[in-house]
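Please read the following account with the sequence and the coordinates open side by side, and take up each element as it is named.

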Amino acid sequence: VMSVSVPRRSARRVHRDEPALAREPDRYQASFAEAHDAMVVVNDDGRIIDANPAAGTLLGRDAQELHGRGLPDFLPADFDFEGVLTAAERPGGNPETVRINAADGSSRIVEYTAAGDIVPGQHLFVARDVTERVAREAELSRKTQAMDAAPIGIILTDPTDEDNPIVYANEAFAEITGYDESEIIGRNCRFLQADDTDPDIIERMRHGIEAGETVSVTLRNRRKDGTPFWNHVTIAPVEAGGEELMVGFQEDVTDRLDRSPSLEEPP
């Protein structure tokens with residue numbers, strides 16, 4: 001949420017319901033009206049004294065129609081309005097989030113800050129709609145939880161970073177390879193390769209990563225304790241949290257191939 005410069009308290013006596021920003025239009029009114037973030041000025045009772053067009057959009061009414069309405073009417077019943085105003089008097093507060101119920105029937109999640117007493121008895125709320133961001137974060141969290149619990153090894157690598165390091169590894173990958181998460185993150189997958197790993201297979205994987213293509217191979221890897229195993233790997237491009245990454249699915253297929261740990265290639 002952007003920071004907002006507010007006027008110092010006026011020396012003259014002011015009416016508690018006279019919009020503070022309207023008293024100095026040259027300095028404040030233009031930025032107030034044109035701000036992308038919603039701005040609302042309320043009195044001590046929470047009644048709206050002034051609102052910019054962005055606030056009208058957020059609250060589902062023309063900004064002028066908001067004048068005189070109670071801001072708490074748009075907030076959850078358990079919202080501690082008085083507590084927020086008290087906290088606003090203390091500098092250094094962090095933005096908070098709350099779900100609002102707009103006049104048009106929509107429900108939105110906003111991130112807001114409150115500035116205490118821009119003039120005696122008036123308070124400025126600045127809010128930004130973060131509904132879509134929160135939804136994306138929730139979706140990413142659900143996907144991460146699913147990957148964490150998956151029965152096969154899953155890693156994410158960043159092909160845009162130097163040496164395509166691993167940025168995520170689930171528990172199954174750690175169990176398959178014998179490495180702890182702290183020993184995995186930040187490394188290239190080649191730390192699993194042995195001296196006798198087929199170079200042609202490695203080249204196929206490298207080409208797939210560079211081309212952003214899906215590749216599926218079976219290759220010999222080694223666990224942390226040196227034990228060899230056949231690893232069926234599928235790598236593919238994926239978008240996660242707005243980033244272009246590569247996902248790798250790892251499955252120990254040694255028993256399926258019915259082979260003892262040897263140096264032979266699978267058929």
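Which residue in β10 does T157 stand opposite? In this predicted model, the residue that faces T157 is M246 of β10. The wider setting of that position is the antiparallel pairing of strand β6, residues 153-157, with strand β10, residues 243-252, a pairing that extends over 5 bridges.

These two strands belong to an open sheet of 5 strands, whose pairing is antiparallel and whose order reads β7-β6-β10-β9-β8. At the edges of the sheet stand β7, which covers 166-169, and β8, which covers 215-222; each has a single partner strand, and therefore one side of each has no neighbour within the sheet. From one strand to the next, the twist averages 30°.

With the order of the strands in mind, the reader can turn to the helix that is associated with them. Helix α8, formed by residues 199-211, lies across β8, β9 (228-240) and β10, and its direction runs at about 130° to that of β8. Strand β10 thus appears twice in this description, as the antiparallel partner of β6 and as one of the strands across which α8 lies.

It remains to place these elements within the chain as a whole, which has 8 helices and 10 strands. Of its 267 residues, 40% are buried, while the accessible surface of the chain comes to about 15,100 Å², with 47% of that area belonging to carbon and sulfur atoms. Among the contacts in the chain with a separation of 6 or more, 43% are accounted for by residues 24 or more positions apart.

Note on methods:
Residues numbered from 1 in each chain as written. Predicted model: local features only at pLDDT ≥ 70, side-chain atom pairs only at ≥ 80, totals over all residues. Heavy atoms only, no water. Pairing = 2+ DSSP bridges. Helix = DSSP H or I, 4+ residues; strand = E, 2+ residues; numbered from the N terminus. Axes fitted to C-alpha atoms, helices over the stretch in contact; angles between N-to-C directions. Contact = heavy atoms within 4.5 Å. Buried < 20%, exposed > 50% of the residue type's maximum accessible area, 1.4 Å probe, protein only. Areas by Shrake-Rupley, 256 points an atom, 1.4 Å probe, with all protein chains shown as cover.
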